[in-house]
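Mentor: Let us test each label against its definition. Ask me how we know.

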Amino acid sequence: MKDARRAAANALLNMERGAYANLALKDELPQVPSEHRGFCSALVYTALEKQIYLDWVIQKFTSGPVKPAARIVLRLGLCQALFMGVPEAAAVNESVRLIKAMGKPALSGFVNGVLRAALREKDALSPPSGKDAASLSVRTGTPEWIAKTFLDRFGPELAEAILTSPGEQGSIRVNTLKADVDTVRQQLGFPTTCGRFVPEVLRYNAAAGDLTGSVLFQKGLIALQSEASALVCKVADPKPGQTVLDACAAPGGKTAALAAIAGNQAEITAWDVHPHRVELIKATCARLGVRVRAEVKDASAFDPALEGRFDVVLVDAPCSGLGVAGKPDLKLKKRKEDVEALSKVQLAILSACARYVKSGGTLVYSTCTISQPENEGVTDAFLAAHDGFCPGDLSPFFPEDFDRQRLVNGRVQLLPPVDGVNGFYLARMHRR
């Protein structure tokens, strides 16, 4: 396993320099025997998920600054002993070997001492139980500024529930252009439940594995899509014969869902600013049998030739992603300044794309985040500056038992522990 631990340490060091987890791992895994690659990946992602807690533990047993290489090795050692079932003695010994293999033998005594001291005092390793932002940050593995934002908005109980919710762990959308829900459920071979908001979405235990290799996926009978994402398309409500714009469309999941809702009888245009991502849209739609015009285009730059052309415009804006679990390295990289910058980009995209909506047409704005500046802040600013638009009615798109008070002003923030779906925001507006 030593190659796996060394590769994990190298990957984490590269992430400290700004690399993304998936790319850092991709560079390191070829050096690891195939039978140990699963352990290496699990070690990296567990260390990232628990990083804030692990650093809290390290701080309790050190004084002064800790060298970057030593911090990485300490995180990995604690991670193995506390969360991955590796015997404590093995975790300590392998960590000492690792720091030496990384060319830092002078730090081996420090690593050995800190790990042994921490693992001896298990009672001191319980996360802090306070209701303040710092304690919530350690318990949930969330940067403190995010913990404070959620704490101020939702209170301690709901904030912690949101920050620890796994979200949607297994969701697929049945492609009703090619199959019906009952047939797909029978062919999957494992239990599923129909979505509360979108019955064409099937929820299942993620332990069923990756479905992209299945015949159902390859034949285009299913798409990997969360229920919250599919609900955005349901709220857009495209009709046969209408012109539809999906302004920030890659990789094409919502584009295909829009087409299915309209029976593949709408004229759909899909944009992305990056050519390689437009190719993803084309590939997704081709597999699912969807007719679409996919183009490379910057949605924030207004095109006068398209003014008033579309019946439905969907702006699923790039966002901070604070509503979706997973990718812990992205959460750790987030800064408050990033959110403020994103909200300006989002408003620019929404304002430009709104001009493409016909009189009487529909504009839908959505994000996969729980962030007032990116959500309510953007739609409030947009409506204040565009009196030609008004909030729409979301009630027809939600089940009868859904709290109607949450649907005021044509918008709703979905919360994982409350709604059982990923944390999405959506707003439906109409052009007068």
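Trainee: What makes β9 and strand β12 (residues 425–431) a pair, and in which sense?

Mentor: They are joined by six bridges, in the antiparallel sense. Two strands pair if DSSP finds at least two bridges between them, so six bridges meet the rule. A strand is a DSSP run of E with at least two residues; a helix is a run of H or I with at least four; both are numbered from the N terminus. One bridge links valine 364 to its partner in β12, arginine 428. Before you go on: the model is predicted, so local features need pLDDT of at least 70, side-chain atom pairs count only at pLDDT 80 or more, and totals for chains, interfaces and linings use all residues. Residues are numbered from 1 along each chain as its sequence is written, and side-chain values use heavy atoms, leaving out hydrogens and water.

Trainee: In what sense does strand β8 (residues 310–316) pair with β9?

Mentor: Parallel, again over six bridges. Valine 315, for example, has tyrosine 365 in β9 as its bridge partner.

Trainee: Why is serine 366 classed as buried or exposed?

Mentor: Serine 366 sits in β9, which spans residues 357–367. Buried means under 20% relative accessible area, exposed over 50%, and partly exposed in between, with a 1.4 Å probe and protein chains only. Serine 366 has 0% relative accessibility, so it is buried. Contact means heavy atoms within 4.5 Å. Leaving out residues up to four places away in sequence, serine 366 touches Val232, Leu314, Val315, Asp316, Ala317, Tyr425 and Leu426.

Trainee: What joins the side chains of threonine 367 and asparagine 375?

Mentor: A polar contact of 2.6 Å. The definition asks for N or O atoms within 3.5 Å; within protein, one must be able to donate a hydrogen and the other to accept it, and residues adjacent in sequence count only if both atoms are side-chain atoms. Threonine 367 also lies in β9. At 0% relative accessible area, threonine 367 is buried.

Trainee: How do you know whether β9 as a whole is enclosed?

Mentor: Count its buried residues. Eight of 11 are buried, so β9 is largely enclosed by the rest of the structure.

Trainee: What puts the buried residues of helix α11 (residues 181–188) on one side or on several?

Mentor: The buried residues are Val181, Val184 and Leu188. They cover an arc of only 65 degrees around the axis, so they share the same side of α11. The arc is taken from the directions from the helix axis to the C-beta atoms. In general, an α-helix has 3.6 residues a turn, so residues three or four places apart point the same way. The face of α11 turned away from the buried side carries the exposed residues Asp182 and Gln186. The buried residues pack against β1 (171–174), β2 (193–194), β3 (201–203), α12 (215–218) and β4 (222–224).

Trainee: What is found at the start of α11?

Mentor: A side-chain oxygen of aspartate 180 comes within 3.2 Å of the backbone nitrogen of aspartate 182. After the helix comes glycine 189, with a positive phi near 85 degrees.

Trainee: How many disulfides does the structure hold?

Mentor: Zero. A disulfide is a pair of cysteine sulfur atoms within 2.5 Å. For cysteine 79, the nearest cysteine sulfur is that of cysteine 40, 12 Å away.

Trainee: Why does cysteine 248 have no bond to the closest cysteine sulfur?

Mentor: That sulfur, in cysteine 353, is 6.2 Å from the sulfur of cysteine 248, which is too far for a bond. Cysteine 248 is buried, at 17% relative accessible area.

Trainee: What makes a set of residues a nonpolar core?

Mentor: The residues must be buried Ala, Val, Leu, Ile, Met, Phe, Trp, Tyr or Cys, joined through side-chain atoms within 4.5 Å. The largest such core has 51 residues; among those with the most contacts inside it are Leu12, Met15 and Cys40. Helix α5 gives the most to this core, with nine residues. Apart from it lies another core, of 41 residues, including Ala262, Val364, Leu394 and Leu414.
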